[in-house]
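I opened this model to look up its charged side-chain pairs and the packing of its helices. My entries follow in the order in which I checked things.

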Amino acid sequence: RPERRAETDRMIFGTSSCTNLGIGFRACAGGRLFGSGSVLLLLVNGIFIGAVAGHLTGRGDHETFWPFVSGHGSFELTAIVICGASGLILGHALIAPGQQTRLQSLKRRAREALQLVMGAALMLLLAAFIEAFWSSSGVPAGIKYGVAALLWLLVALYLGVAGRGARGAG
């Protein structure tokens, strides 16, 4: 494996950051189409990722593909789903505004959606950092899988515990 230069890692970080943040923001913004844009983006991306994974695994490239995606996948995939969920919040505000106008409902629910998107954006930046500086490194696959399992556990624990007790505290 040829030695990589630091500039390459920084370029990967920048490219991954822009790409993933763009997908996340589009997943949220798709909610303005009564949620259909968010659902479509999540479906298309899920199918695409599944097709790439299946193709690369089927042709024998699983020894490079899976160690590469396992580490940053916990943050990246979870964040994209959170962004899609924020879009569904916006879509629901438009579909079922209750006693408010659609615009009032959208404004009210946008605060909630924005909090989710901002947290997801931090996760996407962390995923890009891991992708650039860890996933593409020459660390053995077994170690990458161990770290990936730990990262998935941390994401699951955070999502299971975050915000507990916050409601009604003020």
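**Salt bridges and a helix pair**

I searched for salt bridges first and found that the structure holds two of them; I keep in mind that this is a predicted model.

I looked up the pair formed by arginine 59 and aspartate 61, whose side chains meet in a salt bridge with an N to O distance of 2.4 Å. I then checked how open each partner is: arginine 59 is exposed, at a relative accessible area of 56%, while aspartate 61 is partly exposed, at 23%.

I turned next to arginine 109, which forms a salt bridge with glutamate 112, and I noted 3.2 Å between the closest N and O atoms. Both of these residues lie in helix H4, where they are three residues apart, about one turn of the helix. Arginine 109 has a relative accessibility of 16% and therefore counts as buried, since the cut-off for buried is under 20%. Glutamate 112, at 36% relative accessibility, counts as partly exposed.

Since helix H4 holds this second pair, I asked how it packs: at what angle do the axes of helix H3 and helix H4 cross? I found that the axes of H3 (residues 62-95) and H4 (residues 102-135) cross at roughly 170° and come within 8 Å. H3 is therefore roughly antiparallel to H4, because angles over 145 degrees are counted that way. I closed by sorting the residues of the contact of H3 with H4, which divide into 22 nonpolar, seven polar and five charged.

Terms used. Residues numbered from 1 in each chain as written. Predicted model: local features only at pLDDT ≥ 70, side-chain atom pairs only at ≥ 80, totals over all residues. Heavy atoms only, no water. Axes fitted to C-alpha atoms, helices over the stretch in contact; angles between N-to-C directions. Helix = DSSP H or I, 4+ residues; strand = E, 2+ residues; numbered from the N terminus. Parallel < 35°, antiparallel > 145°, perpendicular 65-115°, else oblique. Nonpolar A, V, L, I, M, F, W, Y, C, P; charged D, E, K, R; others polar. Salt bridge = Lys/Arg side-chain N within 4 Å of Asp/Glu carboxyl O. Buried < 20%, exposed > 50% of the residue type's maximum accessible area, 1.4 Å probe, protein only.
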